[in-house]
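Colleague: Please show the model, and let us go through the terms that describe it.

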Amino acid sequence: MAKGNILNKIFASGPLILLYYLSISEIDANLEKLFEVFSLNLQIIIIYFWIIKRPNLMGAGHVFVAGFINDVVMGFPLGISSLSYLIVCFVGNYVRNKSVNTTIASDWLTFLIALLFANLLFFSLLNNFSDVAISYEKIGYNTFFTLFLFPVFWFLFNLYQMSFIGSQDA
Amino acid sequence: MSVSRDDFSIAFRSALLQRGATQKFSIFSLIIVALVVFFLDVYGFTVVKTARSFINDVVYRVTYLASFPTRLFPGINQGIASHFNLKKENEELREVIERYKSLDLNLEYISNENKNLKKVLDTENVQSVSNVVLAKVLVDRNSPFLKSIIINKGSKEGIIKGMPVTQNKYLVGRIVETNYLSSRVLLLNDLNSRIPVTFDEKSTQAILTGGGTRKPTLLYLPEDYQFTEDITVFASGKDGIFNAGTPIGKTKENGEVELFVDPNQLSFVTVNLIKPSKEVF
């Protein structure tokens with residue numbers, strides 16, 4: 001029984017561990033060697049999905065710290081990734097409060113809003129208050145691929161949720 | 001109508017302020033904290049700078065350890081492949097050694113000639129590049145927005161902002177952030193990178209501009225300039241940061257430059273401890 005509890009806790013921490021690992025490690029979803037324009041913000045997909053489905057597994061404090069670590073590793077001004085991740089959390093929370101049943105289509109649509117708000121804040125702060133120049137083309141591609149691949153990760157995370165955590169929605 | 005507005009404001013407030021059973025902070029409070037940290041960092045308060053430098057050193061080390069598995073698997077593959085190619089590799093290396101031996105004989109003659117020519121040109125005050133620091137690449141995270149690497153040497157070794165970074169004498173980038181035990185190198189293909197360069201027999205001057213893509217581009221060229229392929233591009237040294245004559249890459253017909261060093265394949269680099277003659281960044 002106790003062993004089962006520990007396993008359940010480990011599985012439940014899976015999304016959070018993945019979020020931290022993606023933020024701190026060299027692993028990136030930027031396959032520019034294969035396809036130059038491809039880049040993906042997987043952290044935002046993870047945060048949004050789990051905030052909508054299982055908010056108790058994705059605490060805002062953890063999201064803040066993961067963003068903070070991401071800024072240090074990427075060389076961005078501190079707090080900027082945290083802000084954009086928290087905006088995603090906020091939109092996710094709002095959608096969860098307003099909706100009873102979610103489908104992949106509704107999640108995809110609302111994810112577009114979360115992604116747009118998060119990226120808008122991220123790049124407007126970076127452009128107005130920092131010396132770091134960013135290519136708008138890259139932002140566009142990043143936003144497009146993140147949005148485009150959301151359903152793929154939605155299915156994967158849903159599968160993980162049903163297999164290891166439980167099928168009940170939040 | 002008013003019911004719908006109430007509904008909106010309740011959901012909005014709840015999303016911003018409500019804390020779950022296991023959550024210690026509301027999103028609103030964390031947004032405020034993140035904003036404060038952001039502005040303190042952007043406006044460069046000394047306390048935040050010092051704290052950031054310390055956090056950077058710690059996080060970079062953890063990142064290096066956390067990325068160990070991602071380095072291990074390609075390493076195993078390469079190890080197996082190289083084991084089977086040992087004989088062939090040995091023969092190739094012998095050939096390379098022979099070639100280097102013959103080059104070495106020419107080198108003394110060329111360096112003597114170079115010294116004499118410099119005397120003629122009265123340019124003996126060229127800065128020495130003998131003072132270099134070899135550094136290992138700790139983190140090479142391939143961001144879509146910023147092209148930079150983190151190396152394991154920092155201000156402890158005398159590294160300061162603006163110092164040029166090379167690999168096998170080829171220019172790789174420059175230092176843009178220093179911590180006590182680590183530094184960040186801005187690569188030549190980053191969008192923020194601008195290097196004055198010179199090339200071809202007319203010593204054409206241009207600015208090598210990174211675009212966030214693999215190959216940086218030559219800008220600010222003379223009017224109607226026609227590109228020729230395979231012309232070596234050198235740093236002109238006009239910015240007082242890079243050594244004049246440091247090779248960078250070869251030109252392409254479309255004005256891009258194929259770098260001698262692949263920015264995605266860096267393991268060790270050398271930092272030239274030359275104090276830039278003006279402040280950078």
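Colleague: What makes a residue of chain B or chain A part of the contact, and how many does each chain give?

Modeller: Contact means heavy atoms within 4.5 Å; by that rule chain B gives 53 residues and chain A gives 55 residues. This is a predicted model, in which local features need pLDDT of at least 70, side-chain atom pairs count only at pLDDT 80 or more, and totals for chains, interfaces and linings use all residues. Residues are numbered from 1 along each chain as its sequence is written, chains are lettered from A in the order in which they are written, and side-chain values use heavy atoms, with hydrogens and water left out.

Colleague: What is the area that chain B and chain A bury between them?

Modeller: About 4900 Å², 64% of it on carbon and sulfur atoms. Buried area is the accessible area (1.4 Å probe) that two parts lose on being put together, summed over both. B:Phe38, B:Arg141 and B:Phe145 supply 17% of what chain B buries against chain A, more than any other three residues.

Colleague: How many salt bridges does the rule find across the interface of chain B and chain A?

Modeller: The rule asks for a side-chain nitrogen of Lys or Arg within 4 Å of a carboxyl oxygen of Asp or Glu, and it finds zero salt bridges across this interface.

Colleague: Why should residues 123-128 of chain B be treated with caution?

Modeller: pLDDT, the predictor's confidence in each residue from 0 to 100, stays under 50 over residues 123-128 of chain B. Where pLDDT is low, the predicted coordinates should not be read in detail. Chain B averages a pLDDT of 80.
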